[in-house]
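Open the model in your viewer and keep the sequence panel visible. The stops below go from whole domains to single atoms and end at a sheet.

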Amino acid sequence: MTKYVIIGGSAGGIGAVEAIREVDPVGTVTVISEEKVPQYSRPMISEYVSKEATLNSMKYRGDQFWKNNNVQALTGRAATKIDFTKKQVELDGGDKISYEKLLIATGGKPFVPRMEGGEKDGVFTFTELSSAEGIEAKLEHSKSAVVIGGGLIGVSASEALVKRGIKVTLVELKDNILNLILDKTASDMAEKVLTEAGVTVITGQTVQRILGKKDNDGSVGGVVMTDGKQIPCDLVVVAIGVIPRTELVKETPVKLNRGIVVDRFMRTNIPDVYACGDVAEAHDFLINGNRLLPLWPLAHMGGRVAGYNMAGKKAEYAGGTVMSSLKYFDLLTIAVGTVNPKELDDYEVLVELKPEKPVYKKILLKDNVIVGFIFLGEIEKAGILLRLLKNHVDVSTIKEELLSDDFGIVTLPEQLRQEMFVVN
Ligand SMILES: Cc1cc2nc3c(=O)[nH]c(=O)nc-3n(C[C@H](O)[C@H](O)[C@H](O)COP(=O)(O)OP(=O)(O)OC[C@H]3O[C@@H](n4cnc5c(N)ncnc54)[C@H](O)[C@@H]3O)c2cc1C
């Protein structure tokens, strides 16, 4: 029997290994990973495609990580079934591994809608190193690409491809790109930066079907938009969204909402079974409830908490919240918490806008507590705002100063300084 079995060797799995080894240097650990080299930074896929990073520079942990931590790394292998009664994980090929403690850190997978032509050579997603390598192999013979989806991943893909000299059309069904993260003002500013860099942005429409090349129908030659217009292209990147990889626990007793539901110790409802990262619905300190928060640092932190608890050291997950830190063509943006509520009635909104720079700052308050903010162009004070938000600090006495250039930790009243640094 293996003492600790971890499915998934990315941010969550790595965090768990490190925490387990801090507490238990000798207990047997097996990591099962479908990806052959799982320990790379997934957010850097875009830099890999743009050639600003190599596989080596995007490694989150070195090649010796598994060996140094005395981990049996079953890379290039998939877990296919879990028997929670026998406490066994089945692998592709039929092998079975028994566990004392199990962590499910299977992350997310791209959502790919069924679309005519979707099987053609030249259609990619953008969430794995293998997709980036597939794109790389095609780039030499490609001139143009259509990226479907104007969210964080689609915009990253567009930036990377433009930097490689590809003519990119970014297609977003809603009226604004990055609409889940930003409000309209910030989204328009981001779109302007993309357009100036050479990306053609089409909003309010999507791709209806993918066409083949005239001389080779099996290869991507273009797309047909919902208004019937055709756009010729050699590549299509589908970046519509990422969904939790919950297939191993479907139709099992594991409590599942959109992701696997875990408590503050990253425990599922099944004894000795934990989950973390993009596959889990964990604590959000802003809403004081559970939700999916697919963010690298949270996956790693959740993995660490799971690892400690699996190894017998009690640790509680502090939680996270919606938080995006973006850098598109040198435009830095941080968006945290509630930034674009449907009804503004309950909120107080503070705004500073300097379109020429461009700089945009927006802070949302509810009952004198910061519940969200966007800092675009100038992000230096975002860390202070985050602490005030995280600790639910009443900022009524400093509201007027929050957007001033002089605002900083030293200008905060002593009482607030103490409240913002309460560890929770
Ligand atoms: C292009 C892109 C850009 C991003 N940018 C950012 C960013 O700027 N900031 C940020 O915070 N986050 C970003 N993210 C999100 C971040 O990468 C994820 O939150 C993080 O990778 C989640 O880590 P995880 O360990 O939960 O899962 P993953 O990183 O998804 O890893 C899960 C691993 O489990 C493996 N696996 C799944 N099922 C099985 C199975 N049955 N058997 C064996 N192995 C299995 C998978 O192959 C994978 O290797 C980005 C993601 C992408 C794709």
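Start by selecting domain 1 and domain 2 and placing a marker at the C-alpha centre of each: the two centres lie 30 Å apart. Where they touch, domain 1 supplies 12 residues and domain 2 supplies 14 residues. This is a predicted model, and every distance on the tour is computed from it.

To colour by domain, use these ranges: 3-108 plus 243-310 for domain 1, 123-240 for domain 2, and 332-422 for domain 3. Domain 1 is thus made of two stretches of the chain, with domain 2 falling between them in residue number.

Next, select the ligand. Which domains give residues to the shell around it? Domain 1 and domain 2 both do, so the ligand lies between them.

Now show the residues around the ligand. There are 32 of them, and the closest are Ser10, Glu35, Arg42, Ala79 and Asp278. Colour this shell by class and you should get 16 nonpolar, 9 polar and 7 charged residues.

Zoom in on the oxygen atoms of the ligand, where three distances are worth drawing.

- Arg42: a polar side-chain atom lies 2.7 Å from a ligand oxygen.
- Leu295: here a backbone N or O atom is 3.2 Å from an oxygen of the ligand.
- Ala11: a polar backbone atom is 3.3 Å from a ligand oxygen.

Switch the ligand to a surface view. On its own the ligand has 1,000 Å² of accessible area, and the protein covers 91% of that.

Turn on the cartoon to see which elements contribute to the shell. Helix H1 (11-23), strand E2 (29-33), helix H5 (152-163) and helix H7 (296-310) each give two or more residues. H7 has the largest share, at 3 residues.

For the last stop, leave the ligand and select strands E17, E19 and E20. These 3 strands form an open sheet in the order E17-E19-E20, with mixed pairing. Strand E17 (260-261) and strand E20 (289-292) are the edge strands, each pairing on one side only.

Focus on strand E19 (residues 280-284) beside E20. How many bridges join E19 to E20? There are 4, and the two strands run antiparallel. To see one facing pair, select Asp284 together with Gly289: Asp284 stands opposite Gly289, which belongs to E20.

Key:
Residues numbered from 1 in each chain as written. Predicted model: local features only at pLDDT ≥ 70, side-chain atom pairs only at ≥ 80, totals over all residues. Heavy atoms only, no water. Near = heavy atom within 4 Å. Polar contact = N/O pair within 3.5 Å; in protein donor to acceptor, adjacent residues only side chain to side chain. Areas by Shrake-Rupley, 256 points an atom, 1.4 Å probe, with all protein chains shown as cover. Nonpolar A, V, L, I, M, F, W, Y, C, P; charged D, E, K, R; others polar. Domains from an automatic or database assignment. Pairing = 2+ DSSP bridges. Contact = heavy atoms within 4.5 Å.
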